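Please report on the cores, one helix, the cysteines and the backbone outliers of this model. Keep it brief.

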Amino acid sequence: MIVSIPRTAEPRFPFLRRYRTLFVAAGIVIVFALVGTAIYHLTSEVKYDDVIAALQATPWSDIALALVFTALSFLCLICYDLNAFRYLGRKVPFAHVALTAFSAYAVGNTAGFGALSGGAIRYRAYSRLDVPPDDITRIVAFVTLAFGLGLSAVSSLAGLLVAEDVAPLLGMAPWLLRALSLIILVALAGLVFYSRDGRELRIGGATLTLPDAGTCLRQFVITLADIAASATVLYVLLPDTHLSWPAFLAIYAIAVGFGVLSHVPAGLGVFETVIIASLGSSADVEAVLGSLVLYRVIYHVLPLIIAIAIVLTTEVRQLTHHPAASSIRRLGGRVSPLLLATLSVICGVMLIFSSVTPTPDDNLAFLARYLPLPIVESAHFLSSLLGLTLVIAARGIGQRLDGAWWVVVGASLVALAFSLLKAIALFEAALLLFLAVSLFLTRRLFRRPASLFQQALTPPWLMAMGIVIIGAVCVLLFVYRDVEYSHDLWWQFEFTEEVPRSLRAVLGIVIMSSAVAIFGLLRPARQWVHPATPDELRRAAEIVEKQDVADANLVRMGDKSLLFSEKGDAFIMFGVQGRSWICLFDPVGNPKSYTDLVWRFVESARAAGCRAVFYQVSPALLSHCADAGLRAFKLGELAIVHLKNFEMKGGKWANLRQTASKAVRDGLDFEIIETADVPQIYDELKAVSDAWLGHHNTREKGFSLGAFDRDYVLSQPVAVLRVEGRIVAFANLLVTDTLQEGSIDLMRFSPDAPKGSMDFLFVRIIEHLRDKGFQTFNLGMAPLSGMSKRSVSPVWDRVGGALFEHGERFYNFKGLRAFKAKFHPEWEPRYLAVSGGLNPVLALMDSALLIGGGVRGVVGK
């Protein structure tokens, strides 16, 4: 398929565009540093011991209430997804939606970037339930937009009702707060009225399809209940502030909004700054700080642990005998890596923060009686480094690397021992033990044989490391603000000296994180791509003969590079164009090797500084692509003819019957030339091919299309049409030993071939394959066919649909679909899988260049 794509305009600031992600990450780190500074000054009169005392003084009844409202909040969050499915008109089992949504929000609330982190879980889980990629994207967009609009509505409504109480806390006049709240509410009400029939809203160049009024109102009620419940979690934990619940609801909603806008993971620090600044004058700051810490544990950490526990229970064998439990177990296998990755980050941050906070005096005195000082000092210092190791290795856990699994298991078990040796930290040890046990129970999921040290840390992960380090420094300065700094502190080694241990721990993690970041940013890119060797082509051909996909025979062209599975029972064929590594079709061979092959291909492309692209892949591969962080974009539809009952009888076959009869009267003879006999007619075939190329003023293509190459043509049978013994048309057959599917690639005609020869050749080939026992015939893909025309269709589908309808001057889209439709096939979707942004357009351009043989081939013919 050759797709003509208009050249995009050159960006005004190419340097900024190229390093945009890095600059955004650096900006978020700077924002967090400023927030940390603000918190440090806001708590200038607060002592660490007072915060711990306030935390310990929280009544158990308040904690129990907080747990109840946390459960209510997450129940509402599950309803977000249920409402999204109802909006799309899809029915999915409640248990599957509940587990997926609960897991997505447990990760999204804790790791931040809910649309990405929670969206990744939804993509993995819902794709396993056969939900199309487009619908999953709409679900993610629905829940993200619903929360944003709902948050605006709730905060504005609360601000309007209790402006007198809230405005002074925000440094505003009550009339100004009421005016702003009223403007937002009127705008939202107008939006709901405008969308009452599901209309479209154009914002700049984007088109947003709005839900109908009933869906909007239902979602508003859900969002109101969610925010009210989550705000109440913190409200019941706070000391007596003499602040009404509606007023606090407004402050809470504003704090959450600022946290989301900051793009700091989970709004860490930003949310706390707004709460402290708002409540500091009406409550003890140390008590507010203690409540915020407890709120983070109850509302963020505890749901994550529960989600992991739910997934782990499905691993128990006796539960999997029930069909529903077995189904949930498979779903759990899709979401548990991201859950465990988030838990690894939490455990790592916990170890780092505990290394800069003092040990309780009783615990320290106990350790002094039984352990020598060097052991306690070493355990304290190494625990901080192990914490950073858990944070770094968490990325590999999310990507299911076996190397990351070993690193996290080993680090968590060693850190568990150190947590007891340095401070008898029982909660810390219990959480690390839970992480290790969870990883042991899910060992089957971490089978990707990729080295952890070969993974390039992306700017978001470097940003996360920077936030953790800045957070540790802020905690250190807060805890020991009364201690005067001295160079001698670095060399003090005593049981009672906590500050030197914390300083050395911070220095250790700063040095280690800097080394990791520099290594990740400066290491040379690996570029190992080479054309397939004759031995690799022989091995690939042996695999092709034993599988079902006829198009896999295109590997015989020898113009593609090959990546084999570890066992050598499957391979990926791909080409490199520009900064795109383009895999053609699904992997070929043993399906059990697909996951590792997809993963290795994506990581190899990224390590070389390129984008990984999967071109013309089936829906079956999309879940594997989603695991690797890729999105699916529809390319068109593949036409499949079922041969078992193929007979040209009835009215719908009348035209083809007449064409075949006329071809026989015109003297056309059909013959299959077996592979061994093809060399005898090679010169005749070449003459027909040269005449066809000259007549159409075109050149040979490649990659997804075969070229008239001697080795390629001689590798498979050939179907020919003769007139008085002279070959006037031919097509090479693509077949495998399984007799599952047949197809053709090259189809060339002499200029003087009788009219209707193409239809006649197809008919006879299909009949021949049917008689040989083949099950299906692959007619190839109709580009841009079957694009969604619904009002909620994404921009990609809309552009593709417009090209299909009105792009005949560039490519015969409708004509190709109409020709294939003569044979009444079943249509199967085919996709382009690549990361988002501009990458789909760039990947499609590179694919066109690769198929056409460069710019000259695309611009020409």
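A residue counts as buried when its relative accessible area is under 20%, and as exposed when that area is over 50%; values in between are called partly exposed. The model is predicted.

**Cysteines**

By the cut-off of under 20%, Cys625 is buried, because its relative accessible area is 1%. Where is the closest cysteine sulfur to that of Cys625? It belongs to Cys583, 8.2 Å away, which is too far for a bond. A disulfide requires two cysteine sulfur atoms within 2.5 Å. The structure holds zero disulfides. Cys474 has a relative accessible area of 24%, so it is partly exposed.

**Nonpolar cores**

Nonpolar side chains tend to be buried together in soluble globular proteins. Here the largest nonpolar core has 140 residues. Among the residues with the most contacts inside this core are Leu234, Tyr252, Phe271 and Ile275. Leu439, Phe601 and Phe614 also belong to that group. Helix H13, residues 285–313, gives the most to this core: 15 residues. Another core lies apart from it and has 48 residues. Its members include Ile543, Val713, Ala843 and Ile851.

**Helix H21**

Helix H21 covers residues 534–545, twelve in number. At 1.5 Å a residue, H21 should span 16 Å. Its end C-alpha atoms are 17 Å apart, which agrees. Which residues of H21 are buried? They are Glu536, Ala540, Ala541, Ile543 and Val544. Seen down the axis, these buried residues fall within an arc of 160°, so they line one face of H21. They pack against strand E3 (561–564), strand E4 (570–577) and strand E6 (588–589). Ile543 thus appears in two lists: it is a buried residue of H21 and a member of the core of 48 residues.

**Positive phi**

Two residues other than glycine have a positive phi: Gln616, near 60°, and His824, about 50°. Gln616 is found in strand E7, residues 611–617. His824 sits in the loop between helix H29 (813–821) and strand E14 (826–834). Buried or partly exposed? Gln616 counts as buried, because its relative accessibility is 11%. His824 is partly exposed, with a relative accessible area of 35%.

The accessibility values are gathered here.

| Residue | Relative accessible area | Class |
|---|---|---|
| Cys625 | 1% | buried |
| Gln616 | 11% | buried |
| Cys474 | 24% | partly exposed |
| His824 | 35% | partly exposed |

Notes. Residues numbered from 1 in each chain as written. Predicted model: local features only at pLDDT ≥ 70, side-chain atom pairs only at ≥ 80, totals over all residues. Heavy atoms only, no water. Helix = DSSP H or I, 4+ residues; strand = E, 2+ residues; numbered from the N terminus. Buried < 20%, exposed > 50% of the residue type's maximum accessible area, 1.4 Å probe, protein only. Core = buried A, V, L, I, M, F, W, Y, C linked by side-chain atoms within 4.5 Å. Expected span 1.5 Å × (residues − 1). Arc of directions from axis to C-beta. Contact = heavy atoms within 4.5 Å.
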